[in-house]
Amino acid sequence: MSNRVLIAPHPNMFKISENLNRDELKKSFEKDKNITIAPFLDEESADKMHEFFYYDMPEGWWSTSTLSGEDSKEYEKTSPLHLRRLKGNMELISQSCQKAQDSFVKGKFSYIFDRTQDDHHEGCECLECHFREFLKSPDMISLVNEITGSDIETSGEVFASRYKAGHFLSPHHDMNKGKVGFVYSLTKDWRPQWGGNLYILEDDYTTIKKTVLSTYNRLVMFDIPSQNGIPHFVSHVVNQVPYSRTSITGWFH
């Protein structure tokens with residue numbers, strides 16, 4: 001990809017905050033099967049990520065992703081090809097978004113948000129690729145295993161997501177995605193009344209177990225049971241918000 005932004009590699013590009021109380025985090029995860037860590041990275045690392053995704057990364061790296069379906073078969077049809085097909089086609093994007101909104105009202109699994117794709121060339125030096133490598137680093141894998149009590153070995157699918165006005169992700173589970181899911185927030189000064197909040201549900205898909213706000217430099221990790229996953233959703237972002245709710249999403253396995 002010739003248009004990728006290149007940056008000078010640095011052996012300590014990202015640093016985990018030194019103020020983590022790992023024992024308390026471990027106890028909390030054992031009790032609730034989910035945890036929030038804030039601040040997650042040191043200030044310099046977090047600001048570097050924020051600047052890249054909000055100001056430095058080309059707009060063309062984002063693709064609109066939508067789904068309007070009622071079962072897992074429809075979900076499996078979503079592919080990078082579908083994402084590329086929507087990029088830049090405003091009429092098709094509008095139609096797809098309306099179908100997703102209609103599907104949401106009917107209680108079917110649906111979503112609308114922008115995301116990055118895993119189409120970087122081998123050896124890409126953009127900051128997103130560096131962060132993906134950081135997630136696979138011994139320090140990060142050790143931290144995840146220490147807190148969650150899991151035996152994860154690496155990270156799997158990882159992408160940046162951007163929720164703008166009207167965007168949402170309806171209730172679903174992440175079964176078969178990995179052992180531990182995570183969301184890392186890059187948004188500064190986001191207000192909870194703007195929407196875009198992460199809700200973790202009980203197995204009835206109705207009772208709210210926990211509400212996680214999009215707090216800057218906050219990492220959320222949650223266990224993914226092998227049987228049914230953990231239900232969760234991202235609420236609709238309201239109209240006329242001044243900027244997007246941006247985060248990094250992925251799974252460890």
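# A guided tour, starting at Glu157

Select Glu157. Its relative accessible area is 32%, so Glu157 counts as partly exposed. That value falls between the 20% limit for buried and the 50% limit for exposed. The model you are looking at is a predicted one.

**Stop 1: around Glu157**

Glu157 sits in strand 4. Now add Phe252 to your selection. In sequence, Glu157 and Phe252 are 95 residues apart. In space, their C-alpha atoms are 8.2 Å apart. Which residues does Glu157 touch, beyond its neighbours within four places in sequence? Show Arg115, Lys177, Thr249, Gly250 and Trp251; these are its contacts.

**Stop 2: the whole protein**

Zoom out. Color by secondary structure. You should find seven helices and eleven strands. The protein has 253 residues, and 49% of them count as buried. Turn on the surface. The accessible area is about 13000 Å². Carbon and sulfur atoms account for 48% of that area.

Glu157 and Phe252 showed a link between residues 95 places apart in sequence. How common are long-range contacts here? Take contacts between residues at least 6 apart in sequence: 83% of them join residues at least 24 apart.

**Stop 3: helix 6**

Select residues 127-135, which form helix 6. Is this helix mostly buried or exposed? Eight of its nine residues are buried, so helix 6 is largely enclosed by the rest of the structure. Show the buried ones as sticks: Leu127, Glu128, Cys129, His130, Phe131, Arg132, Phe134 and Leu135.

What do these buried residues pack against? Two of the partners are helices: helix 2 and helix 7 (138-148). The others are strands: strand 4 (155-163), strand 6 and strand 11 (245-252). Strand 4 is also the home of Glu157, from the start of the tour.

**Stop 4: helix 2 against helix 6**

Keep helix 6 on screen. Add helix 2, residues 43-56. The two axes come within 10 Å of each other. They cross at roughly 140 degrees. Helix 2 and helix 6 are therefore oblique to each other. Their crossing is left-handed. On the helix 2 side, the contact is made by Lys48, Met49, Phe52 and Phe53. On the helix 6 side, pick Leu127, Glu128 and Phe131. Sort the residues of this contact by class: five are nonpolar, two are charged and none is polar.

**Stop 5: Phe14**

Go to Phe14, in the segment before helix 1 (22-32). Its relative accessibility is 10%, so Phe14 counts as buried. Leave aside its neighbours within four places in sequence. Phe14 is then in contact with Leu41, Ser45, Met49, Leu127, His130, Phe131 and Phe134. Some of these names are familiar: Met49 belongs to the helix 2 side of the last stop, and Leu127, His130, Phe131 and Phe134 are buried residues of helix 6. Now check Phe14 against Leu41. They are 27 residues apart in sequence, yet 7.1 Å apart from C-alpha to C-alpha.

**Stop 6: helix 1 against helix 7**

Select helix 1 and helix 7. Their axes lie 7 Å apart, at an angle of about 55 degrees. That makes helix 1 oblique to helix 7. Show Arg22, Leu25, Lys26 and Phe29 in helix 1. They meet Leu143, Glu146, Ile147 and Thr148 in helix 7. By class, this contact has four nonpolar, one polar and three charged residues.

**Stop 7: backbone oddities**

Finish with the backbone. Most residues other than glycine have a negative phi, and most peptide bonds are trans. Three places here depart from that pattern.

- Ala38 and Pro39 are joined by a cis peptide bond, with omega about -5 degrees. Look for Pro39 in the loop between strand 1 (34-37) and helix 2.
- Asp189 has a positive phi, near 60 degrees. Find Asp189 in the loop between strand 6 (180-185) and strand 7 (198-201). With 64% relative accessibility, Asp189 counts as exposed.
- Tyr205 also has a positive phi, near 65 degrees. Tyr205 lies in the loop between strand 7 and strand 8 (208-212). At 35% relative accessibility, Tyr205 counts as partly exposed.

Note on methods. Residues numbered from 1 in each chain as written. Predicted model: local features only at pLDDT ≥ 70, side-chain atom pairs only at ≥ 80, totals over all residues. Heavy atoms only, no water. Axes fitted to C-alpha atoms, helices over the stretch in contact; angles between N-to-C directions. Helix = DSSP H or I, 4+ residues; strand = E, 2+ residues; numbered from the N terminus. Parallel < 35°, antiparallel > 145°, perpendicular 65-115°, else oblique. Left-handed = near helix turned anticlockwise from the far one by under 90°. Contact = heavy atoms within 4.5 Å. Nonpolar A, V, L, I, M, F, W, Y, C, P; charged D, E, K, R; others polar. Buried < 20%, exposed > 50% of the residue type's maximum accessible area, 1.4 Å probe, protein only. Areas by Shrake-Rupley, 256 points an atom, 1.4 Å probe, with all protein chains shown as cover.
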